[in-house]
Amino acid sequence: MAADNRENALVVHVFAYPTTDGGQGPHDDGVTPLDEVSVQVFRGSYQPAALERTGRTSGDGTVAFSGLDAAADYRISVAAPAGFRNASRDALFFEGQPRAWDPRRKRIRVRKGGEVVVHVGLVPEPVSVRGRISLPGGTKAPGVRVEARSVEGELLEASDTGKKGGFTLSRIHRPGLIEVRPAALVEIGGRRYVPAAGKTNLMVRVRPGGTAAGVDIPYKVAGAEIRIGARIVHKADGRTADDPFDGVTFQLFKDGRSTPLHEVRTHSQTPGTFRDLAPGEYRIVALPPESTNGWRLQRTRPVVNEVLLQVTEGERIDLGGIFEFRPALGSLRGMVVADRDGAPMGGVDLLLSSQRPAPDPVQRTRTRPDGSFEFTGLAPGPYRVELEQQVVTVEGRRWEQKGQDGQSEGGWLREVAARQTETVPAFRLVEEEHLISGRVLRPDGSPAAFVTVQIFDSGSVTGRPRDNVLTDEHGEYRYRADSSGTYYVRVLERNGLAPQVTPVSVHSETRVPDLFTDTRPFVPGPSGADGRTGGNGSGGFPSPPPPPAPESDLGDFPFLTEEVRSADGGRADGAGPGAAGGVGRIVERELREVLGWRPRAGDPKGFRAALDQAFTVAEVAGHTEVTWRPRSYAVEIQADLGAVTGAQASLYNRAQHTLEKVLPLLDGLTPLRTDADDENVAAARAVLRTQLTELVGELGMEGGPRVARVDQFLVFLLGDRATAQTAAKARPVPPPGFGGLRDPDTAGGSLGLLRDRLGLQRRRINTVDEEQNFTNFLILLDQIVGLAESWQSQRDFFDRSKDAEPFLGTQLVLLSRDLEVIAESVHETEFAMDSVFLGAAERQTLELRFTSVQEAPMFVSELLDWVERFAVEEGRQLIDEGGRQGVAVAFRPVLVKLRDLVRAAQVTPAGDQDPLRMPDAYRRRRVQRALAELALQLQGAAERVGRITAPVEDPDRGPATRGNAQGG
């Protein structure tokens with residue numbers, strides 16, 4: 001840098017680092033020399049009088065000061081140009097060594113006859129980029145992400161637009177050419193926008209310390225988008241799996257055209273997408289593959305293969321899981337029986353194996369008490385059914401399978417077809433035989449025919465043999481032992497030769513190693529004097545007798561049928577007055593949708609109660625206005641006997657207010673994490689909304705909510721801690737409360753899932769708006785925990801295993817159901833009598849006599865009419881008008897009296913009727929069984945009434961005892 005003739009020279013080199021981070025010296029990549037930079041040289045101090053020289057850097061960033069005194073100390077001062085500043089460390093490089101920029105402490109001496117070079121590094125000031133995002137029609141564009149990147153793609157800074165769409169990127173550490181890149185897709189107000197053509201990225205040049213203003217980026221409305229996919233539901237490893245389904249082709253049609261506009265195919269478990277769609281009506285057709293993994297498929301949702309939808313401008317529709325398929329399944333069934341008499345064999349384990357790769361290659365089942373078995377849910381294809389064990393134990397006896405024609409290795413091969421049930425031939429079992437078999441050979445290896453083989457017990461082989469058997473013409477012998485154990489086998493001693501003794505352990509059939517003998521061929525004599533006698537000497541086995549022919553099991557009376565009417569009042573076949581049943585079902589469905597109530601015939605009070613809850617009537621400005629309050633959940637509204645009262649009404653009312661308050665908060669939650677997945681957030685939000693809605697509906701059920709279902713919903717909502725609390729309810733110690741779950745960082749379940757997917761943690765809060773968003777989540781959590789605590793305090797009133805006193809309204813709902821069952825039992829009793837030709841006319845003349853209850857005789861029809869009238873009219877009127885006093889004084893005594901009369905009407909040891917006096921039809925089992933069931937229903941209703949009325953306070957006589965309240 002310096003000339004050769006420089007003597008006692010000081011050369012100052014001024015350069016600029018590329019970024020505000022500085023660097024390690026003038027040889028770093030990207031450094032540039034700075035020209036026209038003022039440099040001053042002072043002698044001894046920085047006093048104005050000590051100023052020695054002044055100069056400016058040239059194009060290479062250097063300025064030289066020659067002819068200085070080698071014995072003096074010098075200091076330098078560099079005036080940083082606009083947009084630059086001195087580096088805080090390692091900015092001064094003196095004689096190749098880095099020094100901190102502190103020339104007051106570090107003095108410079110020049111070299112006599114030479115030069116000293118000092119490098120001074122300056123860093124640029126941060127630069128800024130300002131601009132605005134504009135949407136069509138002047139719509140504000142808050143929260144749009146804008147990035148600043150270098151030409152190499154390095155992210156320099158990112159920021160979101162403000163409420164009016166403006167943005168400022170003020171901490172860009174690398175000046176020069178900068179790429180401004182807005183978000184490729186934004187969704188505002190339910191509409192989607194993309195940058196206008198040519199505005200997806202902008203290149204601006206900003207000098208150090210400068211600002212690029214006026215970077216305006218217009219957006220346009222994005223084309224509509226439809227996300228489409230399919231799922232397949234099947235069994236894997238014994239469980240039901242729901243997986244993405246590849247290979248489904250989706251065709252998109254527009255305006256009724258026959259040629260598809262677009263076509264996508266799902267692959268790699270990724271849904272397809274139709275993009276940039278203009279507004280209008282579209283039709284999507286799903287074309288699944290013919291089969292997959294050998295399965296034939298059937299569509300389960302929707303039942304048709306087309307979906308019609310209206311698409312608006314910029315709309316994004318997610319149909320990722322609307323199409324669902326299942327394998328078209330079949331089944332196998334069969335029997336396991338005893339071979340000797342065809343008796344069913346229950347408790348036998350069987351094994352099913354697929355003969356080609358399948359998600360469930362092996363299934364197991366056990367025969368029922370009647371010997372039958374069934375494998376269901378089978379994908380079409382070949383299967384093999386066999387016993388899991390070769391020897392099975394049934395009723396303490398060991399059995400083995402009998403071979404049959406058509407069996408393959410002891411099992412049956414069958415082809416299962418879709419939607420069909422294939423029958424497997426019966427497995428026939430025989431008792432396990434403890435067989436000993438073997439072969440006797442001559443010394444030359446030829447079979448020894450008709451040779452005596454002796455069987456000895458394990459105790460001795462020198463005494464009397466247990467039995468003798470003869471070999472056949474092939475030298476083979478077989479012996480059936482009485483039990484398992486160890487036996488000794490030898491050939492009968494002849495000609496003074498020592499016998500060969502072989503021990504054998506017998507369990508089922510045991511093959512003995514070959515025995516040898518040197519006796520001559522032997523022909524047995526007719527007398528048997530040769531010693532081949534006794535036992536099963538023939539080795540044969542008698543064939544089992546054929547099973548007896550089945551006996552007829554037909555009854556004395558035929559089966560009668562009765563006409564069953566559908567819910568709309570018409571017959572099941574659609575004929576007659578109910579032919580317009582389709583319209584009735586439509587009306588019923590719409591009433592349930594509008595009123596949130598299930599219509600029931602003969603329930604005008606319930607209909608009026610549903611109207612009052614669904615509509616509000618008000619006088620406004622001289623006219624009447626009716627406002628409908630839609631219900632996102634349906635609940636039974638009962639207005640005859642009981643209703644939602646007491647603890648249930650309190651819980652239900654709180655649950656309603658909780659749901660109305662938290663649903664807007666749930667919909668308004670926004671993510672605090674920048675990488676939040678919109679689809680995962682929507683799924684978590686939908687799961688939480690569904691669980692809350694179902695929980696409220698459950699708490700409003702007539703007769704009280706199901707405790708197990710409410711507990712499970714709280715587990716789903718609040719996580720594992722709620723699970724522990726639910727398990728603790730079985731202990732005598734009261735379970736802990738839900739207060740610990742108010743901490744948002746420890747909440748689990750669906751709330752924890754939503755928190756994690758939205759990133760709702762305190763450490764992510766940067767602004768007041770974000771803190772308000774987090775506060776809404778805290779309110780949502782607190783409301784649900786509060787509802788859980790209310791349930792915890794009232795839970796014992798709904799747990800029927802507890803001794804908590806029940807609420808009257810809830811118990812009256814259950815009692816109403818008991819009365820309906822009693823009325824149905826009366827009809828079933830009459831129907832049973834009709835089936836044995838004991839008709840209505842004969843029932844009016846058949847007299848019942850009551851000796852045990854000391855009541856006057858009455859006819860059968862009179863007793864049944866009394867029970868039915870009490871269940872349908874009289875009993876309901878007593879409860880409705882008399883309340884708890886009416887139940888205690890008049891209702892239960894009548895119920896107990898009817899129970900005793902129905903019991904006494906039976907022709908059994910517990911009844912009063914003389915079998916010799918009653919006709920044969922009345923004595924039939926089906927009639928007596930119907931009467932016994934009617935008495936049992938009356939007994940159950942009486943017990944429930946006892947729980948309602950005990951204790952009852954009489955204003956005149958004081959509190960009554962439990963026994964008095966229940967009528968004895």
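1. Two strands are taken as paired if DSSP finds at least two bridges between them. The model discussed here is predicted. In it, strand β31 (residues 349-354) and β34 run antiparallel and are joined by five bridges. One residue pair can be used to find this contact: L352 has V385, in β34, as its bridge partner.

2. β34 also pairs with strand β37 (residues 412-416). This pairing is again antiparallel, with five bridges. Here Y383 has R414, in β37, as its bridge partner.

3. On burial, strand β34 (residues 381-387) has six of its seven residues buried, so the rest of the structure largely encloses this strand. Buried here means under 20% relative accessible area. In general, the side chains of a regular strand alternate between the two faces of the sheet.

4. A separate point concerns internal space. Rolling a probe the size of a water molecule over the atoms shows where empty space is left. The count is two cavities of 30 Å³ or more. The second largest cavity holds about 30 Å³ of space.

5. Which residues line the second largest cavity? They are M833, L848, V860, L863, L864, A905, Y922 and L931. Helix α11 (residues 860-904) gives the most to this lining, with three residues.

6. As for the chemical class of the lining, the second largest cavity has eight nonpolar residues there, with no polar and no charged ones. Tyr counts as nonpolar in this scheme, and Y922 is among the lining residues.

Methods
Residues are numbered from 1 along each chain as its sequence is written. This is a predicted model: local features need pLDDT of at least 70, side-chain atom pairs count only at pLDDT 80 or more; totals for chains, interfaces and linings use all residues. Side-chain values use heavy atoms; hydrogens and water are left out. On a 1 Å grid over the protein atoms alone, a cavity is a set of points where a 1.4 Å probe fits but cannot get out, and a pocket is an open set with protein on both sides within 12 Å along at least five of seven lines; lining residues have an atom within 4 Å of a point. Grid points are joined across faces, edges and corners, and a volume is the space filled by probe spheres set on the points. Helices (H or I, at least four residues) and strands (E, at least two) are DSSP runs, numbered from the N terminus. Buried means under 20% relative accessible area, exposed over 50%, partly exposed in between (1.4 Å probe, protein chains only).
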